[in-house]
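User: I'd like to learn how to read a ligand site and then the fold around it. Can you walk me through this one?

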Amino acid sequence: MSVQEQLKKITSGLPPHVTLVAVSKTKSNALILEAYTAGQRDFGENYVQELLTKHEALPKDIRWHFIGHLQSNKVKFIVPFVHLIHGVDSIRLLEEINKQGAKAGRVVKCLLQIFIAQEETKFGLSYEECREFLVSDRLKSLHNVSIQGLMGMGSLTANNKQLEQEYGQLNAFFEELKLNHPHLNTLSCGMSGDYQLAIGQGSNMVRIGSSIFGEREYKEKG
Ligand SMILES: *Cc1c(COP(=O)(O)O)cnc(C)c1O
């Protein structure tokens with residue numbers, strides 16, 4: 001199936017309140033344009049250099065999502081145009097985004113990444129760290145970032161029970177936070193293999209790569 005056909009198949013099955021981020025990392029501009037021509041505007045990348053090159057070359061109304069692990073020294077390159085940064089997991093990183101946001105005259109939208117998987121290698125805050133983070137004085141002084149919600153990556157497992165539990169807990173936590181932080185509106189979880197399950201557990205933003213563009217040629221660094 002072509003990119004357009006895959007995309008149509010996926011979007012036609014998504015509830016209207018769910019945003020699809022087409023994860024285009026390692027994929028060519030030509031393939032991205034195929035999805036763009038079919039109406040897709042939200043794309044996700046996780047390497048800064050690759051994102052910069054693609055942003056330069058591709059239509060300017062694309063909403064670029066940064067979904068990888070962001071290093072502080074690279075923040076300044078993407079802040080002028082990025083639509084949403086999904087993987088914020090430290091106040092220091094957020095402070096740097098804020099600083100660069102001020103320089104660029106923007107309020108940069110961010111999601112806090114929560115650690116929900118069993119593996120030890122994944123980045124993210126614990127639930128407790130996130131609770132404290134959201135009420136910290138340091139955060140209140142950052143006027144050029146706006147925290148929109150949470151992002152999570154489930155365990156690398158085919159065990160749906162496990163994933164349901166992880167995404168379900170994440171959503172329960174999101175609902176809890178919204179009581180005190182009613183502006184939070186985005187829960188980013190679910191990928192090609194588990195997005196339907198994630199939506200069932202309350203996700204309203206899914207990040208789908210291989211089901212749209214085909215398998216990637218090389219493995220990501222994570
Ligand atoms: C690569 C990636 C995805 C997409 O994965 P697929 O299994 O190809 O859909 C989603 N989220 C993040 C953070 C990724 O790095």
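User: Which residues come nearest to the ligand?

Analyst: A residue is near a molecule if one of its heavy atoms lies within 4 Å of it. Here 13 residues are around the ligand, and K25, S192, G209, S210 and R216 come nearest. Keep in mind that this is a predicted model: local features need pLDDT of at least 70, side-chain atom pairs count only at pLDDT 80 or more, and totals for chains, interfaces and linings use all residues. Residues are numbered from 1 along each chain as its sequence is written, and side-chain values use heavy atoms, with hydrogens and water left out.

User: Where are the ligand's oxygen atoms relative to polar atoms of K25, G209 and S210?

Analyst: For a polar contact, look for a pair of N or O atoms within 3.5 Å. In K25, a side-chain N or O atom is 2.6 Å from an oxygen atom of the ligand. Backbone takes over at G209, where a polar atom is 2.8 Å from a ligand oxygen, and S210 also has a polar backbone atom 2.8 Å from a ligand oxygen. The protein buries 91% of the 390 Å² that the ligand exposes taken alone (Shrake-Rupley method, 1.4 Å probe).

User: And what does the chain have in helices and strands?

Analyst: Both are DSSP runs: helices are H or I, at least four residues, and strands are E, at least two. This chain has 10 helices and eight strands. Its C-alpha atoms fill a box of roughly 50 × 45 × 30 Å along the principal axes.

Conventions. Polar contact = N/O pair within 3.5 Å; in protein donor to acceptor, adjacent residues only side chain to side chain.
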